[in-house]
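Please read the following account with the sequence and the structure side by side, taking each part in turn.

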Amino acid sequence: MTVDGVRLHVQRLAGDGPPLVFVHGMTGSMADFHFTLAGPVHGLGFDVVTYDLRGHGRSDRPASGYTLDAAVDDLHGVVTGLGIAGPVHLVGNSFGGTVAFRYAHRHPGSVASLVVIESEPPTAAWCTRIARVLHDVTRDDGDDTDRHPELTRKLVASGRILTGTTTIGADVVRPEGLMTADEIRAVDAPVLLVVGGRSDLHGELAHLVPLLRRCTVEVVADQGHLVLVTAPDRVRAAVLPWLADRAAVAVP
């Protein structure tokens, strides 16, 4: 599928239930979800869509165009290009969850629910953290480095290619697309927030959760930012029952 001149690699596990789109994190790919959540969520009846963000996986890697709102536009292009008309459920990991929050703000009424894993809305504080993540991932210095060295090495290699060949490092921290506290509170879709008990984001819950009007929090103890791939069974245990309730609500 081509969106705004960029070819995006898209896969669909068609189902009779409500549409659900997975949005992976920076330096990852749709494979992060295919090995963890996509199949089980499809088993709940959802019409599942996965895609590689621009610059990632099998999608094109243009030299520029990596702002947050460009990622939101790409997501909207995938949704509309597939002819998805009704409210869509979004599942985002890390940067993908931030894209989902911004999408819900820019397209009110078009999001049925949000599952965000180690993710937060785009704020000035988020900009600082994402800049640190990009710095860490290219220096082999993240919060999961000691426990998962092989996984970290793969992310470092992907991160170095991405930051070395594109403008993502400068684009993603631009102030356009950031949300105010009132704009975050205006997001009306129910949110499931999954965080690792050892991650930086866990320490921000006291500030973040009050901004989310309809938020359920699941903490996966003793895990860091990479919880989706380091503890997939525990993430599934948190996510699947919550999504099953959303699917039941959607049944007429």
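In this predicted model, helix 6 covers residues 149-165, and because each residue should add 1.5 Å, its 17 residues are expected to span 24 Å, which agrees with the 24 Å that separates its end C-alpha atoms. The residues of helix 6 that are buried are Thr152, Leu155, Val156, Gly159 and Leu162. When the helix is viewed down its axis, these buried residues fall within an arc of 135 degrees, and they therefore line one face of helix 6. On the face turned away from that buried side, helix 6 carries the exposed residues Glu150, Arg153, Lys154 and Gly164.

A second place to look is the loop that lies between strand 6 (88-93) and helix 4 (95-106), where Ser94 is found. Ser94 has a relative accessibility of 15%, and because buried means under 20%, this residue counts as buried. Which residues is Ser94 in contact with, once its neighbours within four places in sequence are left aside? They are Gly25, Ile117, Glu118, Ser119 and His225.

The cysteines can be taken last. Cys127 counts as buried, since its relative accessibility is 10%, whereas Cys215, with a relative accessible area of 22%, is partly exposed. Where a disulfide is taken to be a pair of cysteine sulfur atoms within 2.5 Å, the count for this model comes to 0 disulfides.

How values were computed. Residues numbered from 1 in each chain as written. Predicted model: local features only at pLDDT ≥ 70, side-chain atom pairs only at ≥ 80, totals over all residues. Heavy atoms only, no water. Helix = DSSP H or I, 4+ residues; strand = E, 2+ residues; numbered from the N terminus. Expected span 1.5 Å × (residues − 1). Buried < 20%, exposed > 50% of the residue type's maximum accessible area, 1.4 Å probe, protein only. Arc of directions from axis to C-beta. Contact = heavy atoms within 4.5 Å.
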